[in-house]
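Trainee: Could you take me through a close look at a single part of this protein, and then place that part in the wider picture?

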Amino acid sequence: MSPHGKGRGLRGSKSIGEGLRGFRQRLSSKNIIPQDGRGTPDSTAPRPSVGTDEIRQSFRSAVTSHSSNLNTSSINTDMSSLTGNSSNSEYVKVYPHWPDTEHTDGSVRASMSNESVIGLYAGGFESAKQSMDTQYKRSLQIERPTSQPSLLPDQPKRPNPLHRRSQSASLLDQWKPSPESSLTVPSGPQHQRTSTQIIANCDLRQSQDQRPTSQPPVAEAIPRDRYGFKKVSHHISVEQYDAWDAQYSEHLARRSKKWHVLMRSYGLNTDKSIRFPPKSDKIKRYVRKGIPPELRGAAWFWYAGGPGRLAKEPGLYWELVEQVENGKLSDNDREHIERDLHRTFPDNIRFKPDPTTTSDVQAGVGGGKRRRSIVEPETPMIRSLRRVLQAFAVRNPNIGYCQSLNFIAGLLLLFLDQDEEKSFILLDIVTSIHLPGTHGVALEGANIDIAVVMFCIKDSLPGIWDKLDDHGGGMANDPATQALRLPTVSLATTAWFMSLFVGTLPIESVLRVWDCLFFEGSKTLFRIALAIFKAGEKEIMAVSDPMEIFQVVQTIPRSMLDINGLMEVCFRRRGGFGHISQELIERRRDERRREVRAGVANINGGGGSRWRGRWRSRTKV
């Protein structure tokens with residue numbers, strides 16, 4: 001062999017050894033740069049313009065997007081990444097400190113055998129990618145769950161191999177599920193995992209199962225009484241109510257036992273009773289001390305004469321309901337009824353249920369991010385109240401619908417077990433017998449009853465009357481107009497009669513007043529009004545300005561929880577108002593009607609027209 005040939009053979013063997021050593025060095029380094037340009041057949045080809053940092057960053061982003069869909073967060077492989085094009089001889093070391101690639105002393109361990117390297121060299125580096133894809137598969141091989149088509153061998157390659165996206169990331173598109181892989185592709189929608197889940201090697205669905213389910217915040221329970229009304233008000237706190245109710249509950253328990261014994265002594269059933277003992281002084285004492293809640297509604301209906309009305313006109317209510325459906329109700333009454341329906345007892349759970357979540361509370365008061373866009377469904381009580389008021393308006397065209405009738409009818413429905421027919425009959429009895437003309441179009445009955453109360457105060461409470469009489473209204477030298485004059489504070493008592501003290505006294509006090517009303521008649525309303533003025537005498541006498549007196553009189557009854565004390569003031573033998581009989585009330589009513597008619601006639605014909613508007617403002621609501 002010639003020296004030249006020998007030299008060529010030595011140079012060839014030397015280049016093979018150097019190539020093997022250089023390849024091992026390149027496996028352990030971040031950047032692969034051929035030492036003499038003879039390590040690869042493509043060493044003379046131009047290098048891509050994509051930087052090493054850019055390739056690494058793109059590769060990491062691709063790995064992150066893939067690892068979010070897998071059950072593990074690590075990549076364990078015996079092969080380093082090879083770029084998609086052999087002309088770019090840079091490698092990306094994804095986990096430089098992985099135990100399989102580094103010894104404890106810091107030296108890099110070769111992961112490829114000599115045979116593998118020689119096979120790569122013999123086959124040419126152009127086929128390196130294919131060799132590594134088929135012979136040395138990664139344990140993390142999965143198709144990208146994206147809408148972009150992956151670059152499979154049977155699909156055309158990307159038109160621009162030097163795209164700004166790294167070729168290492170493009171290599172991920174060619175990965176396929178490996179049968180050797182112990183990881184499975186999760187079914188269902190794919191979601192990204194957090195870094196904490198990746199480090200803990202925790203599956204996303206497992207983490208979600210362990211996470212407590214989020215529930216909407218539940219609104220706090222609203223303290224309510226035994227009838228479903230809120231305990232708290234502007235004048236009574238929950239603590240004050242509970243302190244009073246602790247003793248009053250014992251009173252109710254005692255009265256309930258006595259009533260049940262009384263009913264059995266008359267041979268009457270106490271379960272859903274419809275009949276009660278006849279009126280007597282003994283029964284009157286029982287009624288004044290309170291009818292038990294379970295018997296109250298039926299007792300009202302019985303003692304007010306409801307069964308006789310029902311027998312006299314059977315089926316009247318349902319006939320009126322049918323007339324309403326046929327268009328007999330006027331548009332004006334219908335409009336006003338609809339406007340007041342949802343204003344009726346908004347503090348009672350039967351009329352307005354509690355909100356279920358905190359967001360509902362905020363939306364209800366307008367404090368949330370958005371108000372409710374869907375109207376709450378009506379409660380059965382509201383629907384019953386609508387039918388009762390509409391039937392009453394058709395039955396009584398001289399009244400139609402008047403504000404405060406919704407509260408009277410609503411409370412009747414509440415204690416008559418939502419019996420619409422009985423509630424309608426009692427409402428008709430109240431407006432025709434106990435408060436005649438009070439809810440009429442001209443409110444004549446209300447003005448008359450207010451005047452009767454003022455006369456009773458003047459007769460029974462002269463000291464308070466001197467404080468109330470502000471000498472206002474009327475013509476100074478006209479006896480007719482002076483006779484029609486009422487103190488300013490009389491306007492504060494208008495709602496007392498029109499609503500039967502609903503909204504004026506606490507609800508338990510209202511119920512006790514109604515017990516006596518349906519048993520004894522409308523004189524009860526005047527007695528209770530006098531008792532309120534008597535109970536608030538100190539507060540009234542402490543002020544002198546008419547407007548201050550007006551505010552005191554308007555505020556005093558709202559905090560009167562002690563109904564037993566108020567009843568004691570009303571019915572005690574000395575200083576009480578038991579002498580206010582029904583005959584006295586009716587006589588006073590007739591006298592006032594005559595005075596009003598005479599005064600109106602005098603004003604119309606006697607040149608007092610300039611006082612007409614002023615008189616109306618004082619006698620009408």
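Mentor: Lys230 counts as partly exposed, because its relative accessibility is 33%, and partly exposed covers what lies between buried, under 20%, and exposed, over 50%. This is a predicted model, so please read each value as computed from predicted coordinates. Along the chain, Lys230 sits in the loop that runs between helix 7 (204–210) and helix 8 (238–265). Leaving aside residues up to four places away in sequence, Lys230 touches Ile222, Pro223, Arg224 and Asp347. Asp347 deserves a second glance, since this residue is 117 residues away from Lys230 along the chain, and yet 5.6 Å is the separation between the two C-alpha atoms.

We can set beside Lys230 some residues with another kind of surroundings. Cys402 has a relative accessibility of 13% and therefore counts as buried, and Cys570, at 0%, is buried as well. Cys570 takes part in no disulfide, and the nearest cysteine sulfur, which belongs to Cys516, lies 7.5 Å away; a disulfide would need the two sulfur atoms within 2.5 Å. For the structure as a whole, the number of disulfides is 0.

Let us turn next to the open space in the model. The largest pocket encloses about 1,200 Å³, and its lining is made up of 49 residues, with Phe407, Val502, Gly503, Thr504 and Arg558 lying nearest the centre. By kind, the lining residues comprise 24 nonpolar, 15 polar and 10 charged ones. Among the helices, helix 13 (331–341), helix 16 (405–415), helix 21 (494–498) and helix 22 (507–520) each contribute at least two residues to this lining, and the largest share, 4 residues, is supplied by helix 21.

Finally, a word on how far to trust the picture. The mean pLDDT of the protein is 73, with 56% of the residues reaching 70 or more. Across residues 121–191 the pLDDT falls below 50, although the model gives this stretch 111 contacts beyond near neighbours in sequence. Residues 607–621 also stay under 50 in pLDDT, and for them the model has 23 contacts beyond four places in sequence. Where pLDDT is low, the predicted coordinates should not be read in detail, so the contacts listed for residues 121–191 and for residues 607–621 call for that same caution.

Notes: Residues numbered from 1 in each chain as written. Predicted model: local features only at pLDDT ≥ 70, side-chain atom pairs only at ≥ 80, totals over all residues. Heavy atoms only, no water. 1 Å grid on protein atoms, 1.4 Å probe; cavity = no way out; pocket = protein on both sides within 12 Å on 5 of 7 lines; lining within 4 Å. Points joined across faces, edges and corners; volume = space filled by probe spheres on them. Nonpolar A, V, L, I, M, F, W, Y, C, P; charged D, E, K, R; others polar. pLDDT = per-residue confidence, 0-100. Contact = heavy atoms within 4.5 Å. Buried < 20%, exposed > 50% of the residue type's maximum accessible area, 1.4 Å probe, protein only.
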